[in-house]
Amino acid sequence: MMAISAKEMGFRVGVLDPTEDCPASQVADWHIRANYDDILALEELARRCAVITYEFENVSVEALNSILPYAYVPQGTDLLAITQDRLLEKSFLEANNIVIAPYETIISPTDIQDAIDHIGYPCVLKTTRGGYDGKGQYVLYSTADLAASMNLLRSGTCELEAWIPYDKELSVMVAGNGRGEYSVFPVVENIHRNNILHETIAPARVDPEVAEEAERIATEIAKALDLRGCLAIEMFLTKSGSIYVNELAPRPHNSGHYSIEACNMSQFDAHIRGICGWPLGEVKLLSEAVMVNVLGEHLEETYELIDLKPNWQFHYYGKAAAKKGRKMGHITITTTDLYGTLEEIYQTNIWD
């Protein structure tokens with residue numbers, strides 16, 4: 001989707017990806033098939049590109065650093081390093097006075113009990129690197145959960161984080177262009193199932209002052225990073241109105257897909273404009289919208305909706321194999337009735 005935006009702006013697009021016929025390669029001008037830490041492949045990419053961007057947190061910082069002397073990577077690698085490591089991310093947020101859940105560093109199993117005594121139950125043990133869609137974390141409700149959680153420590157240092165009793169999960173997309181300009185997308189509400197994003201509701205069903213505060217937090221984080229391109233900021237909102245920042249993602253994000261149809265500028269347009277130093281302008285929500293993810297187990301049934309739902313916008317990603325829990329596409333529905341649209345999605349019986 002980033003490649004499509006870049007092509008619409010007149011750029012030629014190359015992709016480095018280890019997968020043959022990967023989705024981005026299907027709309028790009030050329031494809032280097034190589035691992036993300038393949039320095040020779042990255043050097044070739046640098047020779048062939050004026051601007052290099054990443055949209056995946058697990059790209060090797062060390063490999064990217066090796067080409068920085070002769071490649072233009074507007075996002076830099078500091079952002080990548082921060083968002084790859086939960087402890088670095090939390091230290092960065094704390095240093096910028098952003099409210100986060102209390103946490104403790106866990107290096108060995110003997111650290112856990114002291115950390116729990118400080119944080120209390122329930123709490124979440126998380127690996128510091130590599131987790132997504134609920135992977136690499138374990139919720140502890142009592143001492144009975146301690147033994148099972150120990151498996152995570154085999155992957156290295158972890159962090160133990162207090163469980164925030166949130167009322168809603170929110171996210172905000174923000175874009176910067178390196179010229180001191182920042183554009184903030186509407187605050188949206190996210191509904192997860194089995195730790196995978198199920199629906200995004202735009203705008204979030206929150207009080208205006210909550211949305212304003214979430215946008216302020218997003219802008220502060222973007223300024224602290226001197227952001228170029230897009231950044232996703234995931235947040236928890238409690239019943240009392242407190243906002244905790246949960247996680248950052250240095251790229252366009254699943255919860256921003258609604259922007260293709262619902263905003264005057266999509267998150268993908270904003271990312272390309274940002275990394276190229278183009279003006280960003282103000283993001284406007286043109287219509288309320290609901291985005292629903294299409295996972296592998298939903299794919300076949302959603303094809304049947306194409307004839308039944310002419311006003312729904314279907315996006316399929318071109319991935320080779322449909323697997324349970326794998327994101328294969330999304331559907332965006334612009335609407336004047338959010339609650340009615342949520343019910344309409346429910347009534348399809350596909351996402352039971």
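Rings of Phe, Tyr and Trp (for Trp, the six-membered ring) pair up here if their centres lie within 6.5 Å. In this predicted model, one aromatic cluster built on that idea takes in Tyr303, Trp312, Phe314 and Tyr316. The count for the model comes to 7 aromatic pairs. One of them joins Tyr166 and Phe236: the ring centres sit 4.7 Å apart and the planes meet at 5°, so this pair is stacked. Tyr166 belongs to strand E7 (residues 166–177) and Phe236 to strand E11 (residues 228–238), which makes it a link between distant parts of the chain, 70 residues apart. As for exposure, Tyr166 is partly exposed, at 32% relative accessibility, while Phe236 is buried at 13%.

Rings also show up with charges over them. The charged end of Arg48 sits over the ring of Trp30, at 3.8 Å from the ring centre. Lys90 does likewise with Tyr103, its charged end lying over the ring and 5.5 Å from the centre.

Next come the enclosed spaces. Rolling a probe the size of a water molecule over the atoms shows where empty space is left. The model has 2 cavities of 30 Å³ or more. The largest has a volume of about 50 Å³, and its lining consists of Glu169, Leu170, Asn190, His192, Glu234, Met235, Phe236 and Asn246. E7, strand E9 (188–193) and E11 are the elements that give two or more residues to this lining, with E11 providing the largest share, 3 residues. Phe236 thus turns up again: the stacked partner of Tyr166 is also one of the residues around the largest cavity. By class, the mix here is 3 nonpolar, 3 polar and 2 charged residues.

The second largest cavity comes in at about 30 Å³. Around it are Arg86, Glu89, Lys90, Lys126, Glu159, Glu161, Asn246 and Glu247. Helix H5 (86–95), strand E6 (158–162) and strand E12 (243–249) each put in at least two residues, and H5 has the largest share, with 3. The lining has no nonpolar residues, 1 polar and 7 charged. Lys90, whose charged end sits over Tyr103, is among the residues of this lining. Asn246 appears in the lining of the largest cavity and in that of the second largest.

Helix H10 (residues 267–275) is mostly covered, with 8 of its 9 residues buried. These are Gln267, Phe268, Asp269, Ala270, His271, Ile272, Gly274 and Ile275. The cover includes helix H1 (2–8), E7, E11 and helix H9 (259–262). After H10 comes Gly277, with a positive phi near 75°.

A few backbone oddities round things off. Most residues other than glycine have a negative phi, and most peptide bonds are trans. Tyr121 and Pro122, however, are joined by a cis peptide bond with omega about -10°; Pro122 sits in the loop between helix H6 (110–119) and strand E4 (123–127). The bond from Ala202 to Pro203 is cis too, omega being near 0°, and Pro203 is placed in the loop between strand E10 (196–202) and helix H8 (208–225). Asp21 is not a glycine, yet has a positive phi of about 55°. Its place is the loop between strand E1 (14–16) and strand E2 (30–32), where Asp21 is exposed, with a relative accessible area of 51%. Asn349, in the segment after helix H12 (338–347), has a positive phi of about 65° and is partly exposed at 47%.

Definitions and conventions
Residues numbered from 1 in each chain as written. Predicted model: local features only at pLDDT ≥ 70, side-chain atom pairs only at ≥ 80, totals over all residues. Heavy atoms only, no water. Phe/Tyr/Trp six-rings, centres within 6.5 Å; stacked < 30°, edge-to-face > 60°. Helix = DSSP H or I, 4+ residues; strand = E, 2+ residues; numbered from the N terminus. Buried < 20%, exposed > 50% of the residue type's maximum accessible area, 1.4 Å probe, protein only. Lys NZ or Arg CZ within 6 Å of the ring centre and 35° of its normal. 1 Å grid on protein atoms, 1.4 Å probe; cavity = no way out; pocket = protein on both sides within 12 Å on 5 of 7 lines; lining within 4 Å. Points joined across faces, edges and corners; volume = space filled by probe spheres on them. Nonpolar A, V, L, I, M, F, W, Y, C, P; charged D, E, K, R; others polar. Contact = heavy atoms within 4.5 Å.
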